[in-house]
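Please open your viewer and keep the sequence beside it, since this tour goes from one selection to the next. At each stop, make the selection yourself before reading what is there.

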Amino acid sequence: MDLSFILVQLVSGLTMATLLFLVASGLTLIFGVGNVFNFAHGSFYMLGAYFAFQAVATLQTNFWVALLIAALGAGLLGMCAEFLFLRRIYGRTEEGGFQILLTYSFILVIDDIVKIIWGTEYKSLLRPAGLRGSVELGSITLPTYNVMIIVIGLAVVLLAWLILSRTRPGRIARATALDREMLSAMGVNVPLTMTLVFGIATALGGFAGALAAPLRSVTPGAGIEVIIDSLIVVVIGGMGNFWGAWLGALILGEVMAFAVAIVPEWASVVSYVVMVLTLIFKPEGLFAPRQTRTV
Amino acid sequence: MQEKKSYLSEVFLFVVVAAFAAVPLLRPSSYQIMLASHILVWGLFAVAFNMLWGVTGMLSFGQALYFGLGGYGVGLMMKHLGEVWFLPGMITGLIAAAILAVLIGLLIIRVSGVFFTVLTLAFGQLAWQICFRWYHFTGGDDGIQNLIPPGILGNRIVYYYFTLALVAVSIWLLLRLSQSPMGVLLRCVRQNPNRVPFLGLSVRYSQLRIYVISSLFSALAGSLAAGVDNSIHTDMLYWTTSGEVILMSVLGGIGQFFGPFIGAAAIIVIQDVVGAKTEYWPLIIGLVMMVMVLVFPRGVVGEAQALRLWLKSSRRSDGG
């Protein structure tokens, strides 16, 4: 194992981590703000990839517009799902279980609708022109597209952090997490906030799906793999914790990148091992304080 | 009141067992025998699952792990050691399930609610991944075929009664458990876990016990299923299997002991009628799940009971 091998794996892990973070941040955002566990989050990721594919195929748009369409489409569908279905079970006794079951039914329905519309064969999306080459950094060469994903991911992290900590909508979102009744007494439309947060979170998922589409081909059922990976991320980082999700994604991304390079057959098992180790030593996640929950 | 209720449950169990025992007398095709066996096996799986969720409030999305483990206990023994190892395979599967349930249980009862569900799912998928990748040992995606139980159990009718007997005894044991003081404690754990320590009892120990018990009976159902289908496949371990057993419980009603069994029977019959005609079976179960969660969260049995109570009370108010 020489240095350049390690560097290449590190960067590839960083790419994986960024994509994982973009998905997991949506999951953790809805959970942190609305206390809703969206089991179908991976399905919105998959829908994002299909929307981008369709936008390029029929509208002949360029990749960046397709990315935007994917995020908007997934966000709108997410808002519909929250408004039409999830909203009806808020406050029910043992709500958590029913949330999981309802969003589980979304997975099944979305998967089959995708199969009906797009068929079961692999779909692939070309990398945008100008990002098909590679950049040289000293002795190693990296695909430009992967570098771009890392940059976009960092931009999204910073933007989300700025919005959540410095703006009024961010404050409202954090307040929703803490005390919904008080917030509505102060004149904030809490149900609308919930729908919007759900929309933003699913848009993040769709965006990640579209961004990942040129690297991995798109198939129905992709949602499941993604949701389990992002679950491992939030287990490592602590559910509902934004920075925790980022560090969790970083750890899992790097571990997976090296596992793929060293023990390719068992790479997917290695990611579970990380989760089990976390659970043994810190079941609330590495970055979650014991009682409080931050967004 | 309490005594009358338990008596009714046991009568119901007896009637169901008698009805299933009468099935071979109608000279059914071997396909119909298989259908009845599936109802029994999945009924046991669903009832065992519901001890965890409906009774104790622990929604596991990973019981497929134990169902599959039971099946693979039988399958691997027969594949690697020969077909007389059917019964030892069942027992090995059960022991393995008990050990694994204790180990995993100790890890995952430390978290509750959604986290618990997520972790059970992750462990289930881990088992599936291992089984899927370890091709030369488990057969991977090909599964293991030609698992004909040895000796007299090879006869379809004999195996059917063997399944019926084990399922009936298991469900009776679980019924006794749910009516015992431990069953009451488990309901306390669901309804008010903060108060259980006030009684000097441990929430986690109760959760671990029921997790192991439920997993054990799930493994038994899985090992019986291996003999019914004469094959096992990695799908037994896949998360959709856990999803299906949850759907059965929700459909039948998680508040009632026999609800999941009735739900299992309904799903298997619907799958037989509808599933053969469409490739979009997941879409159908997804829609059924959605309707049950949104409109009938108490399940068929629970809603029927609520309706009966409502009729009774409205009649009484009419009279008075």
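The stops below go through each chain, then the place where the chains touch, and then some single residues. Keep in mind throughout that this is a predicted model.

**Stop 1: chain A as a whole**

Begin by selecting chain A and colouring it by secondary structure, which should bring out eleven helices and two strands. If you follow the chain along its sequence, the order of these elements is α-α-α-α-β-β-α-α-α-α-α-α-α, with the two β elements coming after four α elements. Turn the chain so that you can judge its extent: the C-alpha trace spans about 60 × 50 × 35 Å along its principal axes. The radius of gyration of chain A is 19 Å, which agrees with the value near 19 Å that a compact globule of 295 residues would have. Of those 295 residues, 49% are buried. Now consider the contacts between residues with a separation of 6 or more: in chain A, 76% of them join residues that are 24 or more positions apart.

**Stop 2: chain B as a whole**

Next, hide chain A and select chain B, in which you will find 13 helices and zero strands. The pattern along its sequence is accordingly written with α alone, as α-α-α-α-α-α-α-α-α-α-α-α-α. For its 320 residues the globule rule gives 20 Å, and the radius of gyration of chain B is 20 Å, so this chain is as compact as a globular protein of that length. The C-alpha trace of chain B spans about 70 × 50 × 40 Å along its principal axes, and buried residues make up 46% of the chain. Among contacts in chain B with a separation of 6 or more, residues 24 or more positions apart account for 78%.

**Stop 3: where the chains touch**

Show both chains again and select the residues of chain B that touch chain A: 31 residues of chain B are in contact with 31 residues of chain A. On the chain B side, the elements that give two or more residues are α5 (114–133), α10 (239–252) and α12 (281–294). Which of these elements gives the most to that side? It is α5(B), with eleven residues. If you colour this side of chain B by residue class, you will count 22 nonpolar, seven polar and two charged residues.

**Stop 4: two helices side by side**

Stay in chain B and select helix α7 (residues 156–179) together with helix α9 (residues 203–229), whose axes are 11 Å apart and meet at an angle of about 170°. Because angles over 145 degrees count as roughly antiparallel, α7(B) is described as roughly antiparallel to α9(B). To see where they meet, show the side chains of Tyr159(B), Thr163(B), Leu166(B), Ser170(B) and Leu174(B) on α7(B), and those of Phe217(B), Leu220(B), Leu224(B), Gly227(B) and Val228(B) on α9(B). Taken by class, this contact has seven nonpolar, three polar and no charged residues.

**Stop 5: the nonpolar core**

In soluble globular proteins, nonpolar side chains tend to be buried together. Here, the largest nonpolar core has 187 residues, and those with the most contacts inside it are Ala52(A), Leu252(A) and Leu44(B). Helix α2 (residues 30–55) of chain B gives the most to this core, with 15 residues. Centre the view on Leu44(B): leaving aside neighbours within four places in sequence, Leu44(B) is in contact with Val167(B), Ser170(B), Ile171(B), Phe217(B), Leu220(B) and Ala221(B).

**Stop 6: three single residues**

Select Asn35(A), which has a positive phi of about 55° although it is not a glycine, and which is placed in the loop between α1 (3–34) and α2 (41–59) of chain A. Asn35(A) has 18 other C-beta atoms within 10 Å and is partly exposed.

Then go to Asn230(B), in the loop between α9 and α10 of chain B, where phi is again positive, near 55°, in a residue other than glycine. Asn230(B) counts as partly exposed, with 15 C-beta neighbours inside 10 Å.

Finally, select Glu82(A) in helix α3 (residues 63–84) of chain A. Is Glu82(A) buried or exposed? With 24 C-beta neighbours inside 10 Å, Glu82(A) counts as buried. Beyond its neighbours within four places in sequence, Glu82(A) is in contact with Arg87(A), Met194(A), Thr195(A) and Phe198(A).

Note on methods:
Residues are numbered from 1 along each chain as its sequence is written. Chains are lettered from A and ligands numbered from 1 in the order in which they are written. This is a predicted model: local features need pLDDT of at least 70, side-chain atom pairs count only at pLDDT 80 or more; totals for chains, interfaces and linings use all residues. Two residues are in contact if their C-beta atoms, placed from the backbone, lie within 7 Å. Ala, Val, Leu, Ile, Met, Phe, Trp, Tyr, Cys and Pro count as nonpolar, Asp, Glu, Lys and Arg as charged, and the others, Gly among them, as polar. The radius of gyration is taken over C-alpha atoms; the globule rule is 2.2 Å times the number of residues to the power 0.38. A residue is buried if 20 or more other C-beta atoms lie within 10 Å of its own, exposed if 12 or fewer, and partly exposed in between; C-beta atoms are placed from the backbone. Axes are lines fitted to C-alpha atoms, for helices over the stretch in contact, and angles run from 0 to 180 degrees between N-to-C directions. Angles under 35 degrees count as roughly parallel, over 145 as roughly antiparallel, 65 to 115 as roughly perpendicular and the rest as oblique. A nonpolar core is a set of buried Ala, Val, Leu, Ile, Met, Phe, Trp, Tyr and Cys residues joined through C-beta atoms within 7 Å.
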